[in-house]
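Here's a walk through one protein model, taken a piece at a time. Keep the structure open while you read.

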Amino acid sequence: MGCVHGKCCTRYPSSSDGDSGRLGEMKPYHNKNILTQRSLAEVPVPSHNFSLQYSVLTQRGYYPDTDEWENQDSFCIKTQIQGNPNVHFFGVFDGHGDYGAECSNFVKDRLVEILSNDSTLLDDPLKAYYSAFLAANSELHNSEIDDTMSGTTAITALVVGDILYVANAGDSRAVLAVKDGDQTVAEDLSEDQTPFRKDEYNRVKLCGARVLSADQVDGLKDPNVQDWGDEESQGGDPPRLWVPDGMYPGTAFTRSVGDGIAEKIGVIAAPEISIVWLKPNHPFFVVASDGVFDFLPSQTVVNMV
(Lines give C-alpha, C1' and ligand atoms only; values in the text may rest on other atoms or scores of the structure.)
Protein backbone atom coordinates (compact mmCIF):
# COMPACT_ATOMS: atom_id res chain seq x y z
CA MET A 1 0.00 0.00 0.00
CA GLY A 2 1.37 3.40 -0.95
CA CYS A 3 -0.11 6.81 -0.28
CA VAL A 4 1.04 10.40 -0.81
CA HIS A 5 -1.06 13.21 0.57
CA GLY A 6 -0.66 16.91 -0.24
CA LYS A 7 -2.31 19.94 1.31
CA CYS A 8 -2.53 23.35 -0.26
CA CYS A 9 -2.12 26.14 2.23
CA THR A 10 -0.29 29.43 2.71
CA ARG A 11 1.96 31.32 4.99
CA TYR A 12 2.39 33.97 2.35
CA PRO A 13 0.35 37.17 2.10
CA SER A 14 -2.82 36.93 0.05
CA SER A 15 -2.59 38.03 -3.53
CA SER A 16 -3.15 41.74 -3.90
CA ASP A 17 -5.01 41.46 -7.21
CA GLY A 18 -8.30 40.69 -5.44
CA ASP A 19 -8.91 37.49 -7.44
CA SER A 20 -10.99 35.20 -5.21
CA GLY A 21 -9.68 32.18 -7.12
CA ARG A 22 -6.10 32.64 -6.02
CA LEU A 23 -4.55 30.17 -3.65
CA GLY A 24 -3.13 32.96 -1.52
CA GLU A 25 -6.42 33.06 0.36
CA MET A 26 -6.14 29.50 1.68
CA LYS A 27 -5.81 28.99 5.41
CA PRO A 28 -3.01 26.89 6.93
CA TYR A 29 -3.85 23.31 7.83
CA HIS A 30 -2.66 21.11 10.69
CA ASN A 31 1.05 20.36 10.86
CA LYS A 32 0.44 16.61 11.09
CA ASN A 33 -1.34 14.39 8.59
CA ILE A 34 -4.21 12.63 10.30
CA LEU A 35 -4.06 9.69 7.88
CA THR A 36 -0.39 8.83 8.37
CA GLN A 37 0.23 10.52 11.73
CA ARG A 38 3.46 11.90 10.34
CA SER A 39 4.71 15.43 10.32
CA LEU A 40 4.16 17.34 7.10
CA ALA A 41 7.02 18.56 4.97
CA GLU A 42 6.46 21.86 3.20
CA VAL A 43 7.52 23.46 -0.06
CA PRO A 44 6.56 26.93 -1.33
CA VAL A 45 4.95 27.76 -4.66
CA PRO A 46 5.93 31.43 -4.81
CA SER A 47 4.36 32.18 -8.20
CA HIS A 48 0.90 31.88 -6.62
CA ASN A 49 1.58 32.76 -3.00
CA PHE A 50 0.88 29.38 -1.43
CA SER A 51 2.77 26.40 -0.10
CA LEU A 52 2.32 22.66 -0.37
CA GLN A 53 2.46 20.49 2.72
CA TYR A 54 2.84 16.77 2.11
CA SER A 55 3.39 13.45 3.84
CA VAL A 56 3.75 9.85 2.70
CA LEU A 57 3.08 6.36 3.98
CA THR A 58 3.92 3.00 2.50
CA GLN A 59 3.53 -0.38 4.15
CA ARG A 60 2.92 -4.01 3.29
CA GLY A 61 -0.72 -4.94 2.89
CA TYR A 62 -2.42 -7.31 5.30
CA TYR A 63 -2.44 -10.89 4.06
CA PRO A 64 -3.94 -13.22 6.70
CA ASP A 65 -2.62 -16.38 5.03
CA THR A 66 1.01 -15.30 4.76
CA ASP A 67 3.40 -12.79 6.27
CA GLU A 68 6.06 -13.37 3.63
CA TRP A 69 4.76 -11.10 0.88
CA GLU A 70 6.91 -8.04 0.40
CA ASN A 71 5.71 -4.49 -0.04
CA GLN A 72 6.15 -3.85 -3.75
CA ASP A 73 4.93 -0.24 -3.68
CA SER A 74 7.25 2.72 -3.93
CA PHE A 75 6.80 6.47 -4.01
CA CYS A 76 8.58 9.50 -5.37
CA ILE A 77 8.53 13.10 -4.24
CA LYS A 78 10.66 15.60 -6.13
CA THR A 79 10.32 19.29 -5.45
CA GLN A 80 11.57 22.19 -7.55
CA ILE A 81 11.92 20.23 -10.78
CA GLN A 82 14.44 21.81 -13.16
CA GLY A 83 15.31 24.18 -10.32
CA ASN A 84 11.91 25.83 -10.67
CA PRO A 85 10.36 26.59 -7.24
CA ASN A 86 6.85 26.29 -8.69
CA VAL A 87 7.10 22.75 -10.11
CA HIS A 88 6.73 19.70 -7.86
CA PHE A 89 6.15 15.99 -8.48
CA PHE A 90 4.42 13.30 -6.41
CA GLY A 91 3.95 9.67 -7.42
CA VAL A 92 2.92 6.25 -6.15
CA PHE A 93 3.98 3.08 -7.98
CA ASP A 94 2.33 -0.27 -7.22
CA GLY A 95 4.52 -3.15 -8.35
CA HIS A 96 3.23 -6.63 -9.15
CA GLY A 97 4.66 -9.96 -10.26
CA ASP A 98 7.83 -11.70 -9.14
CA TYR A 99 9.89 -8.59 -9.86
CA GLY A 100 7.27 -6.00 -8.99
CA ALA A 101 9.40 -4.25 -6.37
CA GLU A 102 12.26 -3.86 -8.85
CA CYS A 103 9.86 -2.55 -11.50
CA SER A 104 8.22 0.02 -9.22
CA ASN A 105 11.57 1.28 -7.95
CA PHE A 106 12.96 1.54 -11.48
CA VAL A 107 9.97 3.49 -12.77
CA LYS A 108 9.71 5.84 -9.77
CA ASP A 109 13.35 6.83 -10.38
CA ARG A 110 13.31 7.06 -14.15
CA LEU A 111 9.93 8.71 -14.70
CA VAL A 112 10.77 11.82 -12.73
CA GLU A 113 14.30 11.91 -14.17
CA ILE A 114 12.91 11.85 -17.70
CA LEU A 115 10.48 14.64 -16.83
CA SER A 116 13.23 16.67 -15.18
CA ASN A 117 15.44 16.39 -18.24
CA ASP A 118 12.73 17.31 -20.74
CA SER A 119 13.31 20.86 -21.97
CA THR A 120 9.69 21.08 -23.17
CA LEU A 121 8.17 20.32 -19.75
CA LEU A 122 7.05 23.85 -18.94
CA ASP A 123 6.05 24.69 -22.53
CA ASP A 124 3.95 21.55 -23.03
CA PRO A 125 3.47 19.62 -19.76
CA LEU A 126 0.89 17.26 -21.29
CA LYS A 127 3.20 16.12 -24.07
CA ALA A 128 6.18 15.82 -21.74
CA TYR A 129 4.17 13.83 -19.20
CA TYR A 130 2.79 11.44 -21.81
CA SER A 131 6.21 10.94 -23.40
CA ALA A 132 7.84 10.30 -20.03
CA PHE A 133 5.54 7.34 -19.31
CA LEU A 134 6.26 5.78 -22.69
CA ALA A 135 9.99 6.36 -22.34
CA ALA A 136 10.08 4.85 -18.84
CA ASN A 137 8.20 1.83 -20.16
CA SER A 138 10.67 1.39 -23.01
CA GLU A 139 13.64 1.72 -20.65
CA LEU A 140 12.16 -0.87 -18.28
CA HIS A 141 11.74 -3.31 -21.17
CA ASN A 142 15.40 -2.77 -22.09
CA SER A 143 16.74 -2.95 -18.54
CA GLU A 144 18.13 -5.98 -16.72
CA ILE A 145 14.81 -6.40 -14.87
CA ASP A 146 12.63 -9.24 -16.15
CA ASP A 147 9.33 -7.46 -16.78
CA THR A 148 7.74 -10.10 -18.99
CA MET A 149 5.27 -10.95 -16.21
CA SER A 150 6.02 -8.09 -13.82
CA GLY A 151 5.42 -4.36 -13.85
CA THR A 152 3.96 -1.46 -11.96
CA THR A 153 1.00 0.86 -12.06
CA ALA A 154 1.70 4.57 -11.70
CA ILE A 155 -0.42 7.38 -10.31
CA THR A 156 1.38 10.72 -10.35
CA ALA A 157 0.67 14.39 -9.72
CA LEU A 158 2.62 17.31 -11.14
CA VAL A 159 2.05 20.75 -9.65
CA VAL A 160 2.98 23.62 -11.97
CA GLY A 161 2.04 26.85 -10.23
CA ASP A 162 -1.69 26.65 -9.60
CA ILE A 163 -2.25 23.83 -12.12
CA LEU A 164 -2.38 20.19 -11.06
CA TYR A 165 -1.68 17.56 -13.73
CA VAL A 166 -2.54 13.97 -12.83
CA ALA A 167 -1.18 11.15 -15.01
CA ASN A 168 -2.38 7.61 -14.40
CA ALA A 169 -1.54 4.17 -15.79
CA GLY A 170 -3.34 1.42 -13.90
CA ASP A 171 -5.81 1.04 -11.07
CA SER A 172 -4.32 3.35 -8.47
CA ARG A 173 -6.10 6.65 -7.90
CA ALA A 174 -5.82 10.38 -7.29
CA VAL A 175 -8.54 12.18 -5.35
CA LEU A 176 -9.08 15.88 -4.79
CA ALA A 177 -10.86 17.27 -1.74
CA VAL A 178 -13.37 19.98 -2.65
CA LYS A 179 -14.91 22.23 -0.01
CA ASP A 180 -18.64 22.68 -0.61
CA GLY A 181 -20.16 24.68 2.20
CA ASP A 182 -19.71 22.73 5.40
CA GLN A 183 -18.81 19.54 3.52
CA THR A 184 -15.60 18.29 1.98
CA VAL A 185 -16.42 16.24 -1.11
CA ALA A 186 -14.13 13.74 -2.85
CA GLU A 187 -13.59 14.30 -6.56
CA ASP A 188 -11.71 11.58 -8.43
CA LEU A 189 -8.93 12.97 -10.62
CA SER A 190 -8.28 9.61 -12.27
CA GLU A 191 -10.41 6.72 -13.43
CA ASP A 192 -9.31 3.18 -12.64
CA GLN A 193 -8.20 1.47 -15.85
CA THR A 194 -9.73 -2.00 -15.60
CA PRO A 195 -11.96 -4.25 -17.75
CA PHE A 196 -14.94 -2.96 -15.76
CA ARG A 197 -14.68 0.10 -17.99
CA LYS A 198 -16.42 -0.52 -21.29
CA ASP A 199 -13.94 1.56 -23.27
CA GLU A 200 -10.95 -0.26 -21.80
CA TYR A 201 -12.67 -3.64 -22.24
CA ASN A 202 -13.31 -2.93 -25.92
CA ARG A 203 -9.75 -1.73 -26.46
CA VAL A 204 -8.06 -4.83 -25.00
CA LYS A 205 -10.51 -7.15 -26.76
CA LEU A 206 -9.45 -5.60 -30.06
CA CYS A 207 -5.86 -6.42 -29.09
CA GLY A 208 -6.73 -10.10 -28.66
CA ALA A 209 -7.24 -10.35 -24.90
CA ARG A 210 -9.64 -12.85 -23.37
CA VAL A 211 -11.45 -11.28 -20.44
CA LEU A 212 -12.63 -13.66 -17.71
CA SER A 213 -12.97 -13.62 -13.95
CA ALA A 214 -11.30 -16.30 -11.82
CA ASP A 215 -14.64 -18.06 -11.33
CA GLN A 216 -15.12 -18.14 -15.10
CA VAL A 217 -11.64 -19.56 -15.58
CA ASP A 218 -12.37 -22.24 -12.97
CA GLY A 219 -15.64 -23.18 -14.64
CA LEU A 220 -17.82 -21.89 -11.82
CA LYS A 221 -19.46 -19.26 -14.00
CA ASP A 222 -20.38 -19.02 -17.68
CA PRO A 223 -17.36 -17.66 -19.60
CA ASN A 224 -19.65 -16.33 -22.32
CA VAL A 225 -21.18 -13.77 -19.96
CA GLN A 226 -19.11 -10.65 -20.48
CA ASP A 227 -20.79 -8.47 -17.88
CA TRP A 228 -19.29 -8.32 -14.40
CA GLY A 229 -21.43 -5.61 -12.89
CA ASP A 230 -19.62 -2.73 -11.22
CA GLU A 231 -16.21 -2.69 -9.61
CA GLU A 232 -17.48 -1.69 -6.18
CA SER A 233 -19.72 -4.74 -5.79
CA GLN A 234 -17.70 -7.28 -7.82
CA GLY A 235 -14.15 -6.27 -6.88
CA GLY A 236 -13.55 -9.58 -5.09
CA ASP A 237 -13.57 -11.49 -8.38
CA PRO A 238 -12.75 -8.93 -11.07
CA PRO A 239 -12.48 -9.58 -14.80
CA ARG A 240 -8.90 -10.30 -15.80
CA LEU A 241 -6.92 -10.35 -19.03
CA TRP A 242 -5.61 -13.60 -20.51
CA VAL A 243 -3.73 -14.41 -23.70
CA PRO A 244 -5.85 -16.21 -26.34
CA ASP A 245 -4.23 -19.62 -25.85
CA GLY A 246 -3.07 -19.67 -22.23
CA MET A 247 -3.96 -19.00 -18.61
CA TYR A 248 -1.74 -15.97 -18.10
CA PRO A 249 -1.01 -13.14 -17.30
CA GLY A 250 -4.33 -12.58 -15.47
CA THR A 251 -3.97 -8.84 -14.91
CA ALA A 252 -6.98 -7.04 -13.42
CA PHE A 253 -5.85 -3.70 -14.91
CA THR A 254 -5.61 -2.59 -18.52
CA ARG A 255 -2.68 -0.17 -18.29
CA SER A 256 0.67 -0.39 -16.56
CA VAL A 257 4.40 0.15 -17.03
CA GLY A 258 6.28 -3.03 -17.87
CA ASP A 259 4.28 -6.27 -18.24
CA GLY A 260 5.79 -7.26 -21.57
CA ILE A 261 3.45 -10.21 -22.18
CA ALA A 262 0.33 -8.31 -21.14
CA GLU A 263 1.39 -5.49 -23.46
CA LYS A 264 0.79 -7.84 -26.40
CA ILE A 265 -2.90 -8.07 -25.46
CA GLY A 266 -3.47 -4.38 -24.93
CA VAL A 267 -2.02 -3.50 -21.51
CA ILE A 268 -0.35 -0.21 -22.39
CA ALA A 269 1.75 2.36 -20.56
CA ALA A 270 0.05 5.37 -22.15
CA PRO A 271 -1.35 7.43 -19.27
CA GLU A 272 -4.66 9.21 -19.02
CA ILE A 273 -4.00 12.79 -17.92
CA SER A 274 -6.38 15.17 -16.18
CA ILE A 275 -5.90 18.86 -15.39
CA VAL A 276 -7.25 20.87 -12.46
CA TRP A 277 -6.75 24.54 -11.66
CA LEU A 278 -6.23 24.64 -7.91
CA LYS A 279 -8.56 26.99 -6.04
CA PRO A 280 -9.14 28.03 -2.43
CA ASN A 281 -11.81 25.35 -2.01
CA HIS A 282 -9.30 22.60 -2.83
CA PRO A 283 -7.64 21.97 0.53
CA PHE A 284 -5.76 18.77 -0.36
CA PHE A 285 -5.33 15.85 -2.75
CA VAL A 286 -4.38 12.21 -2.21
CA VAL A 287 -2.59 9.81 -4.56
CA ALA A 288 -2.64 6.17 -3.46
CA SER A 289 -2.50 2.61 -4.72
CA ASP A 290 -5.38 0.16 -4.87
CA GLY A 291 -4.15 -1.13 -1.53
CA VAL A 292 -6.13 1.84 -0.23
CA PHE A 293 -8.92 2.26 -2.75
CA ASP A 294 -9.82 -1.42 -3.09
CA PHE A 295 -11.03 -1.21 0.49
CA LEU A 296 -11.96 2.43 1.05
CA PRO A 297 -14.13 4.63 -1.19
CA SER A 298 -12.68 7.96 -2.23
CA GLN A 299 -15.03 9.84 0.06
CA THR A 300 -13.99 7.78 3.07
CA VAL A 301 -10.32 8.51 2.37
CA VAL A 302 -11.04 12.23 2.15
CA ASN A 303 -12.97 12.08 5.39
CA MET A 304 -9.99 10.47 7.11
CA VAL A 305 -7.55 13.23 6.22
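How many bridges pair strand β10 with strand β11, and in which sense do the two strands run? Six bridges link β10 (residues 173-180) to β11 (residues 183-188), and the pairing is antiparallel. Bear in mind that this is a predicted model.

## The overall picture

The protein has eight helices and 17 strands. Of its 305 residues, 51% are buried. If you take the contacts between residues at least 6 apart in sequence, 64% of them join residues at least 24 apart.

## Strand β10 and its two partners

Let's stay with β10 for a moment. Its hairpin with β11 has two residues between the strands, and glycine 181 there takes a positive phi near 70 degrees. Across the pair, lysine 179 of β10 stands opposite threonine 184 in β11.

β10 also pairs with β17, again in the antiparallel sense, this time over four bridges. Here arginine 173 has alanine 288 in β17 as its bridge partner. Strands like these are held side by side in a general way: strands of a sheet pair through backbone hydrogen bonds, either parallel or antiparallel.

## Strand β17, inside and enclosed

Is β17 buried or exposed? Five of the five residues in this strand (residues 284-288) are buried, so β17 is largely enclosed by the rest of the structure. Look at the side chains and you'll see Phe284, Val286 and Ala288 pointing one way, with Phe285 and Val287 pointing the other way. Both sets are buried.

## A three-strand sheet

Elsewhere you'll find an open sheet of three strands, in the order β12-β13-β14, with antiparallel pairing. β12 (210-212) and β14 (249-251) are the edge strands, each pairing on one side only. From one strand to the next, the twist averages 30 degrees.

Three bridges join β12 to β13 (residues 240-242), and these two strands run antiparallel. One pairing to pick out is arginine 210, whose bridge partner in β13 is tryptophan 242.

## Helices α1 and α2

Now for a helix pair. Two packed helices are described by the angle between their axes and the distance between the axes. For α1 (residues 100-116) and α2, the axes come within 9 Å and cross at roughly 140 degrees. An angle over 145 would count as roughly antiparallel, but α1 and α2 fall short of that and are therefore oblique to each other. The crossing of α1 past α2 is right-handed.

What meets what? On the α1 side, the contact residues are Cys103, Phe106, Val107, Arg110, Leu111, Ile114 and Leu115. They meet Ala128, Tyr129, Ala132, Phe133, Ala135, Ala136, Glu139 and Leu140 in α2.

## A closer look at α2

α2 covers residues 125-141, and its length makes for a simple check. At 1.5 Å a residue, its 17 residues should span 24 Å, and the end C-alpha atoms are 24 Å apart, which agrees. The buried residues of α2 are Pro125, Ala128, Tyr129, Ala132, Phe133, Ala136, Asn137 and Leu140.

## Valine 112

Back in helix α1 sits valine 112. Why call it buried? Its relative accessible area is 6%, and the cut-off for buried is under 20%.

Leaving aside residues up to four places away in sequence, valine 112 touches Cys76, Lys78, Ile81 and Phe89. Valine 112 and alanine 132 are 20 residues apart in sequence, with their C-alpha atoms 8.0 Å apart in space.

Note on methods:
Residues are numbered from 1 along each chain as its sequence is written. This is a predicted model: local features need pLDDT of at least 70, side-chain atom pairs count only at pLDDT 80 or more; totals for chains, interfaces and linings use all residues. Side-chain values use heavy atoms; hydrogens and water are left out. Two strands pair if DSSP finds at least two bridges between them. Axes are lines fitted to C-alpha atoms, for helices over the stretch in contact, and angles run from 0 to 180 degrees between N-to-C directions. The expected span of a helix is 1.5 Å times one less than its number of residues. Buried means under 20% relative accessible area, exposed over 50%, partly exposed in between (1.4 Å probe, protein chains only). Angles under 35 degrees count as roughly parallel, over 145 as roughly antiparallel, 65 to 115 as roughly perpendicular and the rest as oblique. A crossing is left-handed if the near helix is turned anticlockwise from the far one by less than a right angle, and right-handed if clockwise. Contact means heavy atoms within 4.5 Å.
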